Amino acid sequence: MSDSATEARAQQELDPVHDGLTASGRSPRLLSLDVFRGLTIVAMLLVNVPGDARAVYAPLRHSAWNGCTVADLVFPFFLFVVGITTHLSLRSRAARGDSDRVLRRQILRRGALLFAVGLLLNWFPFYQYGAIAGHPSPTFLDHVAARLLELRFLGVLQRIGLVYVAAALLTVRAPTRRVVAIVVTLLVGYWLALTLLPVPGQDVTGARLLNEPARTLAAWVDHVTLDWSRWGLGNHIWSGSAVYDPEGLLTTLPAIATTIIGVLAGRSLGDRGTLGAKMTTLFLAGVLLFVAGLAWNAIFPINKNLWTSSYVLFTAGAACTSLAALAWLVDAKGYTRWTKPLVVLGVNPITAYVGAELTAMLFDSTIKFHADGRMRSVHELVYERLLASWMDGRLASLLYSLAFIALWYGVLDMLYRRRIVIKV
């Protein structure tokens, strides 16, 4: 048996999501799904863990407001894959005979766990260092309480949990036409809400405020629902802006559409037919979505922070065409020798994200050593002394990210070899 065939069999045993695809007998398992997910994880780590956030190459920097860079593709690509695996997993469970009640309970349980893990990640390290206003001699509980008062309620995992629950419940038994109608309703409804409704306290419609981050309808909803400081609960909005949350409640609605488009892609991949026909369908659908997103951009700008409807179509189109291209290269042509590192990274995506975030926080602020007359973090010592001291800052920042990816590849490869998949 060839190395690639052995790898495919091992991966099929590792990732039960794809067992649903093969158990039905409808279509062979697609290694390209794992490769696509692994590429998304690599991009995520390159964007989230730079050596210096002020010194990164332009494609790895999020757009300041309107527009789309490579960095802005990462999260919607991840949600797109969530949609695909949601469909395949639920179809597998339904084929085993699980009732609607069992499916709904599983969906709600997984969504709640994702949300809870996201909250814990935001809370980490659970303890605020330094002085606390109003507490001249703060106790341990005072430090814990102070950290809770600054806890951000929403975030990446929270959004994944919310959109997963919504997409799964809306599509689990729905015919494809109804699913398409749901996507159209979400995107058109969101566009009309953000542009035609007057923003409370602004006396103008939202269309005139789309380029003012603090004054959009999405920002107003975030403040109304999240900023409860008058009740003593502190500021729970993303500290990076303080005027809106990029994973806020209103912007979660079009993110559900991104995930449901992934569900539709999963349905297409799971249907009867040749691999070539499926790739063609997926690629053409991607081109149509991509062009539609660009056209909509003229009146509703592509914007990640607002997760605009044009952004949904543009990024979903990019995801569809990218997956189709990978399917052609990996599954149709059989070029698989280069795929193992990406498969390893893609098998445990939530573990990769949570573990990398925790490690980055430990390296940035918790694990410190005495150097140059003061305490310095691992991040500082590695980036400044080993890299930035003798090379261009942007290259040093990229090399730090690649070293971080190599570190976590080692951890995930160990899990892969032991066939351990940590699922939420």
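The following questions and answers concern a predicted model of one protein chain.

Me: How many helices and strands does the secondary structure of the protein chain come to?
Reply: The protein chain has 424 residues, of which 50% count as buried. Its exposed surface comes to about 19,700 Å², with carbon and sulfur atoms supplying 64% of that area. The secondary structure amounts to 16 helices and two strands.

Me: What share of the contacts with a separation of 6 or more comes from residues 24 or more positions apart?
Reply: A contact here means heavy atoms within 4.5 Å. Among the contacts in the protein chain with a separation of 6 or more, the part that joins residues 24 or more positions apart is 70%.

Me: Over which residues does the pLDDT stay under 50?
Reply: Across the protein chain the mean pLDDT is 84, and 83% of the residues reach 70 or more. One stretch under 50 is residues 1-27, for which the model has 54 contacts beyond four places in sequence. Where pLDDT is low, the predicted coordinates should not be read in detail. A stretch with pLDDT below 50, having eleven contacts beyond near neighbours in sequence, is also found at residues 230-235.

Me: What distance separates the end C-alpha atoms of α16, and what span should its 25 residues have?
Reply: The expected span is 1.5 Å times one less than the number of residues. For the 25 residues of α16 this rule gives 36 Å, and the end C-alpha atoms agree with it because their separation in the model is also 36 Å.

Me: Which residue caps the N-terminal end of α16?
Reply: Several residues of α16 are buried, including Tyr400, Phe404, Trp408 and Leu412. At the N-terminal end of α16, a side-chain oxygen lies 3.1 Å from the backbone nitrogen of Arg394. The residue that supplies this oxygen, and so caps the helix within the 3.5 Å limit for a polar contact, is Asp392.

Me: Which residue with a positive phi follows α16?
Reply: Most residues other than glycine have a negative phi. In the segment after α16 (393-417), one residue has a positive phi of about 55 degrees although it is not a glycine. With a relative accessible area of 52%, above the 50% cut-off, this residue is exposed. The residue is Arg419.

Me: Is Asp203, which has a positive phi, buried or exposed?
Reply: Asp203 has a phi of about 65 degrees although it is not a glycine. Its place is in the loop between α8 (176-196) and α9 (217-226). The relative accessible area of Asp203 is 76%, and the cut-off of 50% is passed, so Asp203 is exposed.

Me: With which side chain does the side chain of Asn211 make a polar contact?
Reply: Asn211 is found in the loop between α8 and α9, and its relative accessible area of 53% makes it exposed. Leaving aside neighbours within four places in sequence, Asn211 is in contact with Trp65 and Asn66. The polar contact of its side chain, at 2.8 Å, is with the side chain of Asn66.

Me: How far apart are the C-alpha atoms of Asn211 and Pro301?
Reply: Along the chain, Asn211 and Pro301 are 90 residues apart. In the model, the separation of their C-alpha atoms is 9.2 Å.

Me: Why are Arg37 and Asp34 about one helical turn apart, and at what distance do their side chains meet?
Reply: Arg37 and Asp34 are separated by about one helical turn because they are three residues apart in helix α3 (residues 31-48). Arg37 is buried, with a relative accessible area of 9%, and Asp34 is buried too, at 0%. Their side chains meet in a salt bridge with an N to O distance of 3.1 Å.

Me: In the salt bridge of Asp52 and Arg54, which residue is exposed?
Reply: The side chains of Asp52 and Arg54 meet at 3.1 Å, N to O. Asp52 has a relative accessible area of 16%, which means that it is buried. At 73% relative accessibility, the residue that counts as exposed is Arg54.

Me: With which residue does Glu212 form a salt bridge?
Reply: The structure holds eight salt bridges. Glu212 counts as partly exposed at 32% relative accessibility, and its partner is partly exposed at 29%. The closest N and O atoms are 2.8 Å apart, and the partner is Arg215.

Me: Which residues do salt bridges that share partners join into one network?
Reply: Side chains of opposite charge can pair when their charged atoms come close. Here, the salt bridges that share partners form one network, and its members are Arg93, Arg96 and Asp98.

Methods
Residues are numbered from 1 along each chain as its sequence is written. This is a predicted model: local features need pLDDT of at least 70, side-chain atom pairs count only at pLDDT 80 or more; totals for chains, interfaces and linings use all residues. Side-chain values use heavy atoms; hydrogens and water are left out. Helices (H or I, at least four residues) and strands (E, at least two) are DSSP runs, numbered from the N terminus. Buried means under 20% relative accessible area, exposed over 50%, partly exposed in between (1.4 Å probe, protein chains only). pLDDT is the predictor's confidence in each residue, from 0 to 100. A polar contact is a pair of N or O atoms within 3.5 Å; within protein, one must be able to donate a hydrogen and the other to accept it, and residues adjacent in sequence count only if both atoms are side-chain atoms. A salt bridge is a side-chain nitrogen of Lys or Arg within 4 Å of a carboxyl oxygen of Asp or Glu. Accessible areas come from the Shrake-Rupley method with a 1.4 Å probe; for residues, only the protein chains shown count as cover.
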